[in-house]
Amino acid sequence: MLIVMRAEATDEDVARVCRAIERKGYEPRPIPGGTRTAIGVVGNKGAVDRSEFLGLPGVFECIPVSAPYKLVSREFHPVDTVVELPNGARIGGGYLCVMGGPCAVEDEAQMHEAAAYVAAAGGAVLRGGAYKPRTSPYSFQGHGPEALRLMRAAADAHGLAMVTEAVDHASADRVVEYADVIQIGARNMQNFSLLKHVGRFDKAVIVKRGMAATIEEWLLAAEYVLDAGNDRVILCERGIRSFDPTTRNVLDIAALAVARGLSHLPVIADPSHGTGLRDMVTPMARAAVAAGCDGLIVETHPRPAEALSDGHQALFPSQFEDMVREVRAIADVLGRTLSVPR
Ligand code: PEP
Ligand code: MN
């Protein structure tokens with residue numbers, strides 16, 4: 001970090017900042033200039049907390065030189081991380097993985113039907129919520145443990161891996177018994193205690209970007225999971241809030257490419273929550289794959305009109321099939337392979 005002093009800062013102000021740097025165990029390197037002094041901070045292992053210096057007399061600004069995250073950073077780990085699931089599906093490193101299924105697990109028939117056509121279309125992972133974070137307490141909240149059991153059975157019957165959301169410690173402890181991938185939803189992206197908790201599990205974790213989170217905050221959320229010991233993390237862009245209510249969110253396509261550049265972790269897109277409109281899902285899925293993402297997580301329902309949540313954005317089975325065919329062709333142009341179960 002570089003601490004830039006005000007033009008009118010005194011020698012004592014500079015000395016005070018240097019002492020504060022030394023107290024943190026770092027080394028100050030003052031660089032006197034024509035109008036002001038800048039002080040380089042060296043010898044730090046991790047990120048330096050600028051708030052400790054910003055308030056000192058004579059300090060103008062603190063400019064970070066390196067990113068505040070390390071474990072997720074491509075700078076420290078140039079090679080793509082490939083997350084492999086028990087059914088052989090791979091995400092990242094040239095493998096495109098399609099995850100599909102309903103927003104919520106409703107009943108056995110729904111999950112078996114969904115698993116059958118998701119697998120037949122070329123999907124590798126079955127999605128579905130057992131614990132649903134809903135805006136309204138009167139909306140369907142999910143069937144909990146029973147949903148986990150029947151979803152596991154449906155996934156196994158069709159060779160699919162299983163991803164489902166954990167909303168708190170208690171649900172995470174149940175989800176980890178059944179799922180291959182634990183989803184941290186947008187609303188929980190900055191639930192730091194939950195991130196640390198799933199960081200202790202030996203299961204892959206999807207960290208969805210919060211609806212108002214910067215890319216840096218999103219990467220720092222993933223950093224929590226890696227810092228707790230779990231490096232099987234997948235980043236998911238699922239749309240951010242904007243002023244325009246036409247689409248539910250704005251799928252930030254650029255963020256996919258930015259995150260892949262900044263991090264070695266696989267990056268997937270959720271065009272379902274990213275648009276909230278069934279007919280926009282496939283166009284955005286195509287765009288996301290063209291932008292270089294490593295996977296898609298898409299809502300689809302055997303009978304969307306009967307869905308207990310997010311039916312309006314669920315693809316019909318035939319639309320799901322068409323989408324996978326199209327993104328597979330785009331992946332092919334980019335020299336990527338659709339990852340199917342072994
Ligand atoms: C979901 O995947 O069903 C979900 C609630 O997603 P998000 O956290 O992105 O809103
Ligand atoms: Mn949903």
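**Strands, sheet and manganese site of the predicted model**

In strand E12 (residues 233–237), Val233, Leu235 and Glu237 point one way, Ile234 and Cys236 point the other way, and all are buried (under 20% relative accessible area, with exposed meaning over 50% and partly exposed in between; 1.4 Å probe, protein chains only). In a regular strand the side chains alternate between the two faces of the sheet. Helices (H or I, at least four residues) and strands (E, at least two) are DSSP runs, numbered from the N terminus. The model is predicted: local features need pLDDT of at least 70, side-chain atom pairs count only at pLDDT 80 or more, and totals for chains, interfaces and linings use all residues. Residues are numbered from 1 along each chain as its sequence is written, chains are lettered from A and ligands numbered from 1 in the order in which they are written, and side-chain values use heavy atoms, without hydrogens and water.

E12 pairs in the parallel sense with strand E11 (residues 204–208) over four bridges, where pairing requires at least two DSSP bridges between two strands. Within this pair, lysine 208 is opposite cysteine 236 of E12. Between E11 and E12 the chain passes through helix H7 (residues 215–227), giving a right-handed β-α-β crossover; right-handed means that, with the strands pointing away from the viewer, the path from the first strand over the helix to the second runs clockwise. E12 also pairs with strand E13 (residues 267–269), in the parallel sense and over three bridges. Here cysteine 236 is opposite isoleucine 268 of E13. A right-handed β-α-β unit is made by E12, helix H8 (residues 253–262) and E13.

A separate open sheet consists of four strands in the order E2-E3-E1-E4, with antiparallel pairing. Strand E2 (27–32) and strand E4 (59–63) are at the edges and have a single partner strand each, so one side of each is without a neighbour in the sheet. Strand E1 (residues 2–5) and strand E3 (residues 37–42) run antiparallel and are joined by three bridges. Valine 4 has alanine 38 in E3 as its bridge partner.

The manganese ion (ligand 2) has as protein donors Cys103 (SG), His273 (NE2), Glu299 (OE) and Asp310 (OD), at 2.1 to 2.4 Å. Donors are N, O and S atoms within 2.8 Å of the metal (3.2 Å for Na, K and Ca); water is not among the atoms, so sites may look incomplete. Along the chain, the donors follow the spacing C-x169-H-x25-E-x10-D. Histidine 273 is buried at a relative accessible area of 8%, and aspartate 310 is buried at 11% relative accessibility.
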